[in-house]
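Reader: I have a structure open here and have not worked with it before. Can you take me through it?

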Amino acid sequence: MAATVSFEVPSPHGPRTVTLSYARLGSGEPLLLLHGIGHHRQAWDPVVHLLAAERDVISVDLPGFGASPALPEGLPHDLPTMNAALGALCEALEIDRPHVAGNSLGGLLALELGREKLVRSVTALSPAGFWTQAERRYAFGVLRAMRATARRTPLPLVEQLARTTAGRTVLTSTIYARPGRRSPEAVVAETLALAQATGFEQTLRAGVGVQFTDDVTGIPVTVAWGTKDRLLVRRQGVRAKRMIPRARLVRLPGCGHVPMNDDPALVARVLLDGSR
């Protein structure tokens with residue numbers, strides 16, 4: 001069941017109120033799930049029930065995505081602000097240093113939380129920030145093209161395309177290696193989420209200068225990369241391992257950039273192993 005929570009985040013002009021939408025399921029040690037840019041918390045739906053058997057799973061719509069409004073004026077969509085917002089979210093939900101898993105942008109945010117020692121463990125699936133400038137420009141260009149397509153495609157056409165495997169491939173093959181496995185309803189919902197994401201442009205602009213340059217020490221870190229990731233190519237995982245030498249680097253065979261849908265059982269196992 002979806003819910004919302006509001007909390008204050010400091011800004012140079014005084015505290016600002018941030019509201020986030022989230023869903024919570026299961027019991028056990030807390031596990032916070034963070035999606036990628038342009039997506040929403042439902043990206044995790046294929047694995048949530050598998051994780052909830054062993055974890056108290058909290059999946060969040062990041063600010064300006066899904067059902068969460070963009071950050072209020074005075075709060076930029078940058079990494080320090082997101083660290084503060086996610087830390088305040090955990091306090092508001094009375095979660096003491098959760099495990100965290102993130103995909104793409106969410107993976108970068110998870111690693112930042114780990115670097116700040118705000119979490120117990122980090123599992124990052126194709127995290128952003130380990131790119132060359134050419135790779136970043138390519139990824140941002142693809143994301144902007146996906147956003148433009150989602151915004152200009154009429155809803156009836158999206159619904160028509162989503163009914164067939166070929167249509168779902170047209171809409172989602174950039175992020176899924178096996179788009180036919182995504183349900184028509186999910187494809188329509190995530191296409192709308194991308195088109196309507198109020199935080200998309202601000203978040204993308206904030207990412208232009210982002211490069212992950214610090215080790216993450218003192219907690220377990222897993223970095224996993226799909227072998228068929230077409231957005232952030234898998235050689236970036238090797239760079240992540242060099243930057244975080246104690247991290248466990250895991251291959252996800254046959255998986256794309258958003259692997260939860262491509263192989264739910266494998267991804268759930270990687271997340272549970274990473275949080276043990």
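Reader: Pockets first. What volume does the largest pocket have?
Author: About 410 Å³. Keep in mind that this is a predicted model.

Reader: How many residues line the largest pocket, and which lie nearest its centre?
Author: The lining has 25 residues. Nearest the centre are M146, L171, T172, I175 and L194.

Reader: Which elements give two or more residues to that lining?
Author: Those are α4 (133–152), α6 (165–172) and α7 (184–196). The most comes from α4, which gives six residues.

Reader: And the lining of the largest pocket by class?
Author: It has 13 nonpolar, eleven polar and one charged residues.

Reader: What about the second largest pocket, what is its volume?
Author: About 300 Å³. It is lined by 24 residues, and I37, L105, L108, T203 and G207 lie nearest its centre.

Reader: Which elements give two or more residues there?
Author: α2 (79–92), α3 (105–115), α4 and α8 (200–206). By class, the lining of this second pocket has 19 nonpolar, four polar and one charged residues.

Reader: You mentioned α3. How many of its residues are buried?
Author: Ten of its eleven, so α3 counts as mostly covered; buried here means under 20% relative accessible area. Among the buried ones are L105 and L108, the two α3 residues listed nearest the centre of the second largest pocket. E112 is buried as well.

Reader: What covers the buried residues of α3?
Author: The cover includes strands β3, β5, β6 (121–125) and β7, together with helices α2 and α8.

Reader: What comes on either side of α3?
Author: S104 lies in the loop between β5 and α3. K117 follows the helix, and its phi is positive, near 60°. S104 also has a positive phi near 60°, in a residue other than glycine.

Reader: Is S104 buried or exposed?
Author: S104 has a relative accessible area of 8%, which is why it counts as buried.

Reader: Which other residue has a positive phi without being a glycine?
Author: R97, with a phi of about 45°. R97 sits in the loop between α2 and β5 (99–103). Its relative accessibility is 35%, so R97 counts as partly exposed.

Reader: Changing topic, the sheet. What is the order of the strands?
Author: The order is β1-β2-β4-β3-β5-β6-β7-β8. The sheet is open, has eight strands and shows mixed pairing.

Reader: Which strands are at the edges?
Author: β1 (2–9) and β8 (248–252), each of which pairs on one side only. From one strand to the next, the twist averages 25°.

Reader: How many bridges join β7 to β8?
Author: Five, and the two strands run parallel. β7 covers residues 221–226. To pick out one bridge, W225 has R251 in β8 as its partner.

Reader: Last one, where does α1 lie?
Author: Helix α1 (residues 45–52) lies across three strands, namely β2 (16–25), β3 (29–34) and β4 (55–60). The helix runs at about 155° to β4.

Reader: Which of those strands did we meet in the cover of α3?
Author: β3, which is included in what covers the buried residues of α3 and is also one of the strands that α1 lies across.

Technical notes: Residues numbered from 1 in each chain as written. Predicted model: local features only at pLDDT ≥ 70, side-chain atom pairs only at ≥ 80, totals over all residues. Heavy atoms only, no water. Pairing = 2+ DSSP bridges. Helix = DSSP H or I, 4+ residues; strand = E, 2+ residues; numbered from the N terminus. Axes fitted to C-alpha atoms, helices over the stretch in contact; angles between N-to-C directions. Contact = heavy atoms within 4.5 Å. 1 Å grid on protein atoms, 1.4 Å probe; cavity = no way out; pocket = protein on both sides within 12 Å on 5 of 7 lines; lining within 4 Å. Points joined across faces, edges and corners; volume = space filled by probe spheres on them. Nonpolar A, V, L, I, M, F, W, Y, C, P; charged D, E, K, R; others polar. Buried < 20%, exposed > 50% of the residue type's maximum accessible area, 1.4 Å probe, protein only.
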